[in-house]
Amino acid sequence: MKYLSRPEELVLLTIWKMEDEPYGVNIRKHITKMTGKYWSIGSIYVPLDRLENKGYLISNLANPTSERGGKSKRYYELTKEGLQQLQEIKKLYQAFWKNLPDLSIGKT
Amino acid sequence: MKNNKPPAVAKMVLKLMLNHSHPETMIGDFEESFNEIARNRGLLRAKIWYWFQIVLTFLPFMKNSIYWGVTMFASYCKLTFRAINKHRIYSFINIAGLAIGIACCILIVLYIQFEFSFDKYHDKADRIFLLKRHGYFGGKENTSSSNNALAAGFIKKDFPEVEDTVRIGFMPNPAVLCEEKKFYESRVLYADDSFFEFFTYPMTKGDPKSALQAPFSVVITEEIAEKYFGKKNPMGKSLRINNQDNFTVTGVIKNVPRNSHLLFDMLCSFQTLYSKYPRGHAFLNDFTSNRYWTYILLQKGIDPGTLESKFPDFIKKYGGTKLKIFGISMEYFLMPLTDIHLHTPLSGGKTGIGTILYIYIFALIAGIVLIIACINFVNLTTARSAKRAQEVGMRKVLGAQKSELVRQFLFESFFYSVISLLLALGLAEFALPTMSSIAGYELAIDLTHMLWLFPALLGIAVFVGLIAGSYPAFFLAAFQPGRVLKGGTKTGAGNSFFRNVLVVMQFSISVVLIIGTIIITRQLDYMKNKNPGFDKEQVVVLPFRDEELRKSLATIKNELQVHSDIVNVSVSSDIPGQYPQYNQKLPEGFSMSQSQLMYDLVVDEDFIPTLGMEIVAGRNFSREFGADQKASAIINETAAKEFGWENPLGKKIGDYRGIRTVIGVVRDYHQIPITQEIKPLYIRFDPGDVYNPYRMLSIRIAPGSVSRAMKYIEKTWNTIYPIHPFDYFFLDESFNDQFKETERIRELISYFAGLAIFIACLGLFGLTSFVAEQRTKEIGIRKVLGASTSGIVFMISKELAKMIVLANAIAWPVAYFVMRNWLQTFPYRENISVLIFIFSGIIVLFIGLATISFQSIKAGLTDPVDSLKYE
């Protein structure tokens, strides 16, 4: 399994989770809210592009709106492979997090 | 709703940096965000925001590019390693060949750089000049660094362009004594007190301005201080020199660096000479004498030419009359300090080529070796890459971009050359001791002083790598997969001409170097074995270094002569192999203005018999003839010939010691080194000459009893001279010292010859394996048609033989021309024999054939079935 980088993983999850229009501006808003950190244009769009090139996301143009001066929005959604990647990652984490020894102080 | 837009510049920058697949939507999103912020928080805030975005995007952009750069780099590396492994022999040959070439270059550059660095460490180096003298004595031309003791003072007085002058004198190997420690020092100089104004030698103790003012003061190096005084402070202590004079230590300086033309351990004040010889001796007050070196420090901004133009009048003013009387014409010129080492041989008297010529030659050879190695590299790379046409075809089919392949091949060949570079550094480091011993200096790869070295080497590696890689990169990468896979491409057959040219060139250079080595060796052997005119075997020499020893001369001679193992004992001012005093004589029949220069040797009556010289006319000196010590002289055959004396006996010759009559003629022998023609020699039996006293005690030992005799000699010496250390050397060894320089050159050339051949064979080996594979089919067909194995071998060998013959044809004239010119600098030489050339040619042919033998025999033995199979 090819590992995803953290930002890539988070972007994928955000797209999966969000309920409003999944395009750049919104994705950025959501992920900023969820993580509490500031995400710049570059830090969103680079992973978006890479994920699409890797085949985990698929994008399509929506209809143009006047709001954006005639330019259309591009919606991203997860592909089957993208979903699969996330499931595998989740499985991996669960395997690691299962039955971890208790590290609280006081135990000999 | 106002539609604010971020500026076009910002949009463009983002587009560029992010390289998004869908830049328009990204820009659209960007504009939307900008708009929103402008609406909610104002235009200014929005502007700040978009700047912020650009900066924040820049960082991951960089991280990304680096990441990709590294990934590509890693993938190229992997592929390159695979390629290397697949053709291990070829890779090794290629890398090794280039590495050797670069290593040679590095070593030579180190050597040359050291030679050029002489004397540059002095602060005022660019203003310091040596006063050199060029003139005609009795019709013969003479250039020298030695001058009189007066010029310095007059020059300083008369010429405002001159800031200061300093004189240097040479003390011949004095015995230095301090409490219990006694040694002979060979590097002792006299120097004026202005010495430290000229030369930068940091003084750790003492005051540089005054250290050399008082007579009988001496400044010593730290090494000497430790040698004689251990850890104690030497200042104010005294050193006894030649058991005659006590010198007070007035300063200690750091050891003199090796790259100095003037190497010394002790500096005695020049004033000492005036105190020692209060009656003012001729060599201190005579304008025509020449024992001292004079350096001149020019004022800042003065051009030496302006001073030089004033010298003729100066010379006329101070020396005019006397010079005219002796028929001497003299002119001064100035040699820059930094030129001295390269342009003046220090050993007195030898005119002609300085070190600089040899440096040019070595540089040339190094350059040639490097070029051969580089061309080899390029050729082998292109030859091998032709084989990879299939690989290229496959990869293209699988979707490789042309640009990617181009980059791959370029990277590969660059990688090869970088590995060669690293290997070269290792090889150079490994060969440093050998190179140091050939050069005579300790050489080291010192990157702190050679900041240019690494970039220069890297530049070479890049350059060669790129050139080598560009053929496969551009030519191959352009192949169409279909054609290539079918095997229909003509893989670089058109380059065979270029390849053959390379082989021929490499071998002709090898032949030239081999011929050179052989001729130099023969010349050396000739000079060593040539009859020197006297018997140099079985003679041990004890140097005499001061007056005290001479007083007991008769005693030691008698004591030694009684021993049965000692055949004869004599003293002289110099021994054969050394340059005696060279001064003016007035032979009978010549006027004052035609005074002749002769080498002047002072001996005793036993000199000629002890050294085995032959008297061809008249007789040797003898104590029976009372006048001999005051009024007799012996000359050599050359002198008689040059003076036009058919019957020299009875003729008179006058000099600073008076007039003497020729009572004998000695057969010419090599007093001065064989590299020079025999010059007129004047020998006198003159124990009373204090200017040119006895300095060498020569003892002939009976054959077979050397160790016994040596024990006795040592015992006798220590009995008679308990204070002076026993020091000796053998005449045949010291006589052979004159060949050291030529031997060094021979060593260097022979190494280069070996290297050139090795590189040539490496290249040949690599090329042959390639060519043999190319012609597998052809050979298979030939075998089917009935050719035998030996026939195939013969065919392949014949082609190489033709190339080697051509190489010889080019090499022989070149070698002949160069070596003949070199040989002509030696007055005593053999003729160049044709056999040398033929021999070299045969050697090279043999080596070449041996190199390809493996390939050719393998090719000859292959079963045609195998070679024709893959059709």
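This is a short dialogue on reading the contacts and salt bridges of a predicted model.

Colleague: Start with the interface. How many residues does each chain bring to the contact?

Modeller: Chain A brings 26 residues and chain B brings 22 residues. Together the two chains bury about 2100 Å². Carbon and sulfur atoms account for 49% of that area.

Colleague: And charge pairing? What is the general idea?

Modeller: Side chains of opposite charge can pair when their charged atoms come close. Between chain B and chain A the count is one salt bridge. Its partners are A:Lys29 and B:Glu36, with the closest N and O atoms 3.3 Å apart.

Colleague: How many residue pairs are in polar contact across the interface of chain B and chain A?

Modeller: The rule finds ten such pairs, with both residues at pLDDT 80 or more.

Colleague: Which helices of chain B supply at least two residues each to the side that touches chain A?

Modeller: Helix 2 (23-41) and helix 3 (43-86) of chain B do. Helix 2 gives the most, with ten residues. By type, the residues on that side of chain B divide into eleven polar, six nonpolar and five charged.

Colleague: Now salt bridges in general. How many are there over all chains?

Modeller: The count comes to 34. Take B:Glu197 and B:Lys124 as one case. Their closest N and O atoms are 4.0 Å apart. The cut-off is 4 Å. The pair links distant parts of the chain, 73 residues apart. B:Glu197 sits in helix 6 (residues 195-198) of chain B. B:Lys124 sits in the loop between helix 4 (88-116) and strand 1 (128-137) of chain B.

Colleague: Is B:Glu197 buried or exposed?

Modeller: Neither label fits. B:Glu197 has a relative accessible area of 30%, so B:Glu197 is partly exposed. B:Lys124 is at 22% relative accessibility and therefore also counts as partly exposed.

Colleague: Give me another pair. What does B:Lys276 form a salt bridge with?

Modeller: With B:Asp245, the closest N and O atoms being 2.9 Å apart. B:Lys276 lies in helix 8 (residues 271-276) of chain B and B:Asp245 in strand 10 (residues 245-253) of chain B, so the bridge ties together parts that are 31 residues apart in sequence. B:Lys276 is partly exposed at 23% relative accessible area. B:Asp245 counts as buried because its relative accessibility is 14%, and buried means under 20%.

Colleague: Where do B:Arg684 and B:Asp600 lie?

Modeller: B:Arg684 is in strand 22 (residues 681-685) of chain B, and B:Asp600 is in strand 17 (residues 596-603) of chain B. This pair also links distant parts of the chain, 84 residues apart. B:Arg684 and B:Asp600 form a salt bridge, with the closest N and O atoms 3.0 Å apart. B:Arg684 counts as buried, at 0% relative accessibility. B:Asp600 is buried too, with a relative accessible area of 0%.

Colleague: Which residues do salt bridges that share partners join into one network?

Modeller: B:Lys585, B:Asp600, B:Asp655, B:Arg660, B:Arg684, B:Asp686 and B:Asp689.

Colleague: Last, a residue in a strand. Why does B:Thr221 count as buried?

Modeller: B:Thr221 is buried because its relative accessible area is 1%. B:Thr221 lies in strand 8 (residues 217-221) of chain B. Now look at contacts, leaving aside neighbours within four places in sequence. B:Thr221 is in contact with B:Val252, B:Ile253, B:Lys254, B:Asn255, B:Phe264 and B:Asp265.

Definitions and conventions:
Residues numbered from 1 in each chain as written. Chains lettered and ligands numbered in written order. Predicted model: local features only at pLDDT ≥ 70, side-chain atom pairs only at ≥ 80, totals over all residues. Heavy atoms only, no water. Contact = heavy atoms within 4.5 Å. Buried area = accessible area lost by both parts, 1.4 Å probe. Salt bridge = Lys/Arg side-chain N within 4 Å of Asp/Glu carboxyl O. Polar contact = N/O pair within 3.5 Å; in protein donor to acceptor, adjacent residues only side chain to side chain. Helix = DSSP H or I, 4+ residues; strand = E, 2+ residues; numbered from the N terminus. Nonpolar A, V, L, I, M, F, W, Y, C, P; charged D, E, K, R; others polar. Buried < 20%, exposed > 50% of the residue type's maximum accessible area, 1.4 Å probe, protein only.
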